[in-house]
Amino acid sequence: MTAAASPTDYSAWLNRTVESHDHFSQGMIQRIAATFGEAAPADGEALPLLWHWCFFQDAHPEAALGSDGHPARGGFLPPAANRNRMWAGGRLSFIAPLAVGAAAQRRSSVLRIEEKHGRSGALLFVTVLHEYHQHGQLCVREEQDIVYREPTPPKLDSGAAPGAGHWQETIEPSPTLLFRYSAVTFNGHRIHYDYPYTTATEGYPGLVVHGPLIATLNLRAFCRAHPSKTVRQFAFRGVRPLTLPTPFQVGGELGAPGSAQLWAGNAQGVAQSAELTYA
């Protein structure tokens with residue numbers, strides 16, 4: 001993949017900053033816990049890792065959405081007309097636990113914008129920095145990678161299936177799981193719940209499992225297998241989509257002291273790869 005000159009000047013979007021406020025309320029925590037089939041943490045307890053993605057969601061009215069269900073292009077993020085938007089991955093540092101039942105703030109800014117050309121056509125990469133504060137302290141620092149690609153057939157195979165690793169869980173995704181995760185993240189992207197749109201317009205064979213949902217399940221599997229370890233950093237990258245109704249596995253293996261490699265995938269190959277550090 002080589003860099004190419006972009007016909008659009010995106011410099012006006014660089015370093016744009018917005019601040020959001022939310023409250024990790026018990027009502028919302030109960031819904032997230034039910035989505036994952038877990039007990040809800042009590043007020044004052046630590047918010048489970050990556051559950052913060054269910055908060056700080058902008059409440060765009062339907063009239064402000066594009067045909068794909070995402071917010072219409074432009075605004076805080078640069079416009080990318082006639083392209084499909086995907087959450088490609090990200091890097092997180094967990095500095096201090098976020099607490100359930102308390103208010104929190106998120107400060108977001110656009111770090112990088114880069115246009116590239118690859119086998120699938122033009123790709124616009126946007127990296128957004130999110131910093132989450134609670135009680136005046138920085139708790140989570142996150143770089144989120146968003147990619148806008150020209151409409152092309154999705155990549156459905158990535159080679160050999162992932163190995164068994166040192167731990168592994170099998171996930172059987174259902175339309176209800178995808179619907180509930182879309183609901184708790186206020187995600188209107190139609191590929192997660194609208195089968196006719198998903199198959200006829202975007203070319204997937206079935207409803208698409210959310211990338212952040214896969215990452216959350218993958219990190220949860222590590223925490224279940226290693227309850228005494230404290231995750232410090234987590235980085236993940238999408239390789240290809242996972243679609244219903246095919247089950248998939250999340251697992252990984254410990255590497256050098258204080259590090260681990262994680263993956264999610266099935267017989268068609270790895271769909272998401274990740275690495276983390278822990279104490």
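In the predicted model, the buried residues of helix H2, which spans residues 175-184, are Leu177, Leu178, Tyr181, Ser182 and Val184. An α-helix has 3.6 residues a turn, so residues three or four places apart point the same way. The buried residues of H2 pack against H1 and H4, and H2 is followed by Phe186, whose phi is positive, near 50°.

Helix H4, residues 211-225, also takes part in the nonpolar interior. The largest nonpolar core comprises 51 residues, and those with the most contacts inside it are Phe55 and Phe234; to this core H4 gives the most, with seven residues. When neighbours within four places in sequence are left aside, Phe234 is in contact with Leu50, Gly90, Arg91, Leu92, Phe94, Ala215, Leu219, Leu262, Ala274, Glu275 and Leu276. A second, separate core has 10 residues, including Trp13, Val110, Ile113 and Ile146. A polar residue of helix H4, Asn218, counts as buried because its relative accessibility is 0%. Not counting residues up to four places away in sequence, Asn218 touches Val250, Gly251, Leu262, Trp263 and Ala264.

Aromatic side chains were examined next. A pair of aromatic rings is described by the distance of the centres and the angle of the planes. The structure holds 11 aromatic pairs, among them that of Phe234 and Phe236, whose ring centres are 5.8 Å apart and whose planes stand at 20°, so that the pair is stacked. Both Phe234 and Phe236 are buried. Elsewhere, Phe24, Phe55, Phe56 and Tyr132 form one aromatic cluster, and Phe55 is also one of the two residues with the most contacts inside the largest nonpolar core. A charged side chain is placed over an aromatic ring at Phe125, where Lys116 lies over the face of the ring at 5.6 Å from its centre.

Strand pairing was then considered around strand S9, residues 248-254. Strand S7, residues 167-171, is joined to S9 by five bridges, and the two strands run antiparallel; within this pairing, Trp167 stands opposite Gly252 in S9. On S9 there is a further antiparallel pairing, in which six bridges join it to strand S10, residues 259-266, and here the bridge partner of Gln249 is Gly265 in S10. S9 and S10 form a hairpin with four residues between them, and Gly258 in the turn has a positive phi of about 85°.

Several backbone features call for separate description. Most residues other than glycine have a negative phi, and most peptide bonds are trans. Phe56, a member of the aromatic cluster with Phe24, Phe55 and Tyr132, nevertheless has a positive phi of about 60° although it is not a glycine. Phe56 lies in the loop between helix H1 (26-36) and strand S3 (84-94), and it is classed as buried because its relative accessible area is 3%, under the limit of 20%. A positive phi, near 55°, is likewise found at His135, which lies in the loop between strand S5 (121-134) and strand S6 (137-149). His135 counts as exposed, because its relative accessibility of 68% is over 50%. The peptide bond from Leu244 to Pro245 is cis, with omega near 5°, and Pro245 is located in the loop between strand S8 (231-238) and strand S9.

The cysteines were also inspected, and the structure was found to hold zero disulfides. Cys139 is in no disulfide, the nearest cysteine sulfur being that of Cys223, 17 Å away. With a relative accessible area of 2%, Cys139 is buried. Cys223 is also in no disulfide, and the cysteine sulfur nearest to that of Cys223 belongs to Cys54, 15 Å away; at 26% relative accessibility, Cys223 counts as partly exposed.

Finally, Arg16 is found in the loop between strand S1 (2-3) and strand S2 (17-23), where it counts as partly exposed at 30% relative accessibility. The C-alpha atoms of Arg16 and Trp51, which are 35 residues apart along the chain, are separated by 25 Å.

Technical notes: Residues numbered from 1 in each chain as written. Predicted model: local features only at pLDDT ≥ 70, side-chain atom pairs only at ≥ 80, totals over all residues. Heavy atoms only, no water. Buried < 20%, exposed > 50% of the residue type's maximum accessible area, 1.4 Å probe, protein only. Core = buried A, V, L, I, M, F, W, Y, C linked by side-chain atoms within 4.5 Å. Contact = heavy atoms within 4.5 Å. Phe/Tyr/Trp six-rings, centres within 6.5 Å; stacked < 30°, edge-to-face > 60°. Lys NZ or Arg CZ within 6 Å of the ring centre and 35° of its normal. Disulfide = S-S within 2.5 Å. Pairing = 2+ DSSP bridges.
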